Amino acid sequence: MEKRFVLFLGLSLGILVGYSMLARMFFPTPPVAEQEGEVPASDETAAALDGEPASLGEHASEPIADPSPEEPVADSEVRDVETPVLIEQRWETLGSYAADSEHSLLVTFNNRGAAIERVELTTRDAKGKLKYRNLEDKSGYFGYLALTPRAELGCKVNVVGHGTPAELSGLQRDDILLAVDGMPIDEPSALTQVLAGKKPGDSISLQVHRPGSNSSGKLELTAKLDVRPLELIRPDPLQKDELVPHPLSFLLSLTEKSGVRTVSIDSPSKRNWEVEKIEDGVLEFRVMVDESTESGEPIQLVKRFRLGKAEDLASVEESAAPNPPLAYHVDMELELSNAADAPRRLAYSLGGPTGLPMEGWWYSAKIHPKMFYGAGARDVLIRTKAERRLVGCPELYKIAKKEPTDKEITLFADDEKVPSRTLDYLGVDTQYFTAALIPTGQEGTGYDVFDRAEAYAIGDVSKQPKGYSRTTDVTFRLDSAPISLEGNASYKQSFRIFLGPKDPDVLEPYGLGDVIYYGWFGAISKVLKTILHFFYSVVGNFGVAIILLTVVVRGCMFPISRKAAKNAAMMQELAPEMRKLTEKYKGDMEKRAKAQQELFRKHNYNPFGGCWLMFLQLPIFLGLYRCIAVDIELRQAALIPGIEWCSNLAGPDQFLYWKSFMPNFFVAETGMLGPYLNILPLITVSLFLVHQKLFTPPATDEQSAMQLKMMKYMTLFMGFLFFKVASGLCLYFIASSLWGIAERKLVPKPKVSLSAGSGGGNPPPKKIPPSGSNGVEEKKAARKRRNKTR
């Protein structure tokens, strides 16, 4: 039966593989929307509004006018056709990519809505390497340029980040990028295609025209590509057939409250704001809103962004230490000024971050604090003075798909009590990174009470591929309480925007320590994490540290495992007696059970005695599972440094990418196995089978034999469940199984004697026959008892 079953599985797999290869050969998958690259602001990101659908109309296909070399690109190329724009669209950056920089972030701002368009984490480790690199896109990094296409050949460079390979090559803002490695750059996606075939360390040649330069020819520049950093915020790529761009991050809208009416003011998020770098590390955006107001008088809005510094989080002594705390924040100040003489009642609505990374969504082990609720790749997280709450993106996806016009989940409303509306933080949370909005005080007050907060899904979720609900882009909206402004008065509100990793040492200074959620066995997870990091500080390799942690855990459980081994040995000794009882009471299950219980009682054997090991290991296993799943230090930790295989102990080992030739049912991101062949789960299951064979007592009847077969098949099925787990967890199971096998083979087996009432120890002394007797009477009596039993 087993041979036929294996043959059936082999033939079925062969048919599926063959069908998949033929389908890809004769019916190739149609191309999908561009997923990554230098996205042009005019195509996708710069025209992103505040979530409201915009009609493209006949202007969608109009060509973009070619500006003269002396003039900037007219904003009409990229603006919303319904909004008259007088200010040129412009991008600015704060922070640096340079290895010797004190900054941890490189932030790109867009004056369309005074929004944050892109955030790259540029923290370096002790060796000068990126601490948080992009694990999914391993192509060479050139830097974000915010390219916009021209009517003729080339794309305009709108921004060049400090310390990026683009800046080091000599590329400047307003340059016209004509070609890269001989390939014409007539649209931003062309640069993406060139970089996709490059690796860090490769060099590329650039052909550039610089407007206003004395040279009428082309400049030849050379750039050396670097490692791509993790992009914590970036415009999410559009799904196939999706037309409306996703909004940028932290957009602002305004309303005026007149009596019982609320008048919506022309949205500042659709306007290009004036931008000025007022000092090092500080940008100020200004806009005058003078339309659709109740009084007809203008309102001035100001958004100031300041890149965070280490001294914001620590004392002077701590910031002067050799390892000062790293700053992962941008301070934002909102200022509303009433230009009218009469008092006004205003309110603002502030959007949240968008486009956070979906890294590892197909294997990540993020869990929801509430039972029966699911977490996704990106979830909304809020904490007020009353509660902490997580809204998973699967829940937001379901609501948006069911009610497209009313897709928000209310986090709190103005009719709730003050503690429920007193906000500590509100953010979007991923597996290893968080973007959180932290109120830091209204001007002249010590508290921050808001009227309403909502979480919602972005974009048209109906275009989402089937099974990809966990990748839904989500964000929030925060509404202020009504603001009473006297004539010619102003109001200020400050926020701190955290943009960084879920590292406890990083989160604590921001009051975000509870962002990391370990689950039910959090106490065990924290203890194991402490031990793991101690071993890492000694050996310098997390793979070796996990093995040492396994040795400590199994060493502490050695007395219990010895008892389990003794139980297994006792069961093997009792197996012949069990078979005899089975034959004897073949037709009477009740008598057989009673006889077995009597046999166990006679030899002091507990059939459930070996279960203690399993029950004790369960919380340790779950605690270690959560420890590995949330520990960001394992995210980029390699088992063998310098080798790409198993270079992320927080994810699968990814030995071979087999999605191109295996059946999509198995190897899709939503499939059973995933797009990569993983070696460590196969080794883990093989050792499970060996361990099972060594420790499982032999079958005593047909029923127990069937149970053994079922256990074997269940172990094989566990291989499918374990196929996408973190390689660090597989490493723990491999080391634990090897320990158990070595313990079984190398440590002497416990001595078991069936003649002992206690199941072990010395056998009882022989009975000495009475004096004057040669024992004949005892032998006759024993023979009579045996005959009587028969």
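This passage walks through a predicted model of one protein chain, from its overall make-up to its strands and helices.

Because the model is predicted, local features need pLDDT of at least 70, side-chain atom pairs count only at pLDDT 80 or more, and totals for chains, interfaces and linings use all residues. Residues are numbered from 1 along each chain as its sequence is written, and side-chain values use heavy atoms, with hydrogens and water left out.

To start with the big picture, the protein chain holds 18 helices and 28 strands. Here, helices (H or I, at least four residues) and strands (E, at least two) are DSSP runs, numbered from the N terminus. Of the 790 residues in the protein chain, 49% are buried. Buried stands for under 20% relative accessible area and exposed for over 50%, with partly exposed in between (1.4 Å probe, protein chains only). Contacts, meaning heavy atoms within 4.5 Å, were also sorted by distance along the sequence. Among those between residues at least 6 apart in sequence, 69% join residues at least 24 apart.

What about the cysteines? The structure holds zero disulfides, a disulfide being a pair of cysteine sulfur atoms within 2.5 Å. C627 has a relative accessible area of 0%, so this residue is buried. C556, on the other hand, counts as exposed because its relative accessibility is 62%.

Next come the sheets. Strands are said to pair if DSSP finds at least two bridges between them. One open sheet has four strands in the order β1-β2-β3-β10, with antiparallel pairing. Its edges are β1 (91-95) and β10 (231-233), and each has a single partner strand, so one side of each is left without a neighbour in the sheet. On average, neighbouring strands of this sheet are turned by 20° against each other, direction ignored. Angles like this run from 0 to 180 degrees between N-to-C directions, and the axes behind them are lines fitted to C-alpha atoms, for helices over the stretch in contact. Strand β1 runs antiparallel to β2 (residues 105-110), and five bridges join the two. Within that pairing, E92 has F109 in β2 as its bridge partner.

Just past β3 there is a residue worth a look. T122 sits in the loop between β3 (115-121) and β4 (148-149). Is T122 buried or exposed? Its relative accessibility is 2%, so T122 counts as buried. Leaving aside residues up to four places away in sequence, T122 touches S96, Y97, H103, S104, L105, L106 and L130.

Further along the chain, β15 (residues 299-307) has seven of its nine residues buried, so this strand is largely enclosed by the rest of the structure. Strand β14 (residues 282-289) pairs with β15 in the antiparallel sense over eight bridges, and F285 stands opposite K303 in β15. Strand β16 (residues 329-338) also runs antiparallel to β15, and nine bridges join these two. Here R304 has E333 in β16 as its bridge partner.

A similar story can be told for β23 (residues 450-457), which is mostly covered, with seven of its eight residues buried. Three bridges join β23 to β20 (residues 409-412), and the two run antiparallel. Strand β24 (residues 474-480) is likewise antiparallel to β23, with seven bridges between them. A453 turns up in both pairings: A453 is the bridge partner of F412, and A453 stands opposite L478 in β24.

That leaves the helices. How do α11 and α12 lie against each other? Helix α11 (residues 558-584) packs against α12 (residues 589-602) at an angle of about 155°, with the axes 10 Å apart. The two are therefore roughly antiparallel. For these labels, angles under 35 degrees count as roughly parallel, over 145 as roughly antiparallel, 65 to 115 as roughly perpendicular and the rest as oblique. The crossing of α11 and α12 is right-handed. A crossing gets that name if the near helix is turned clockwise from the far one by less than a right angle, and is left-handed if anticlockwise. Where they meet, α11 brings L574, E577, M578, L581 and T582, while α12 brings R592, A595, Q596, L599 and F600.

Another helix pair is α10 (residues 542-556) and α17 (residues 727-746), whose axes come within 9 Å and cross at roughly 45°. That makes α10 oblique to α17, and their crossing is right-handed. The residues that meet there include I546, I547 and V551 in α10, and L731, Y732 and W739 in α17.
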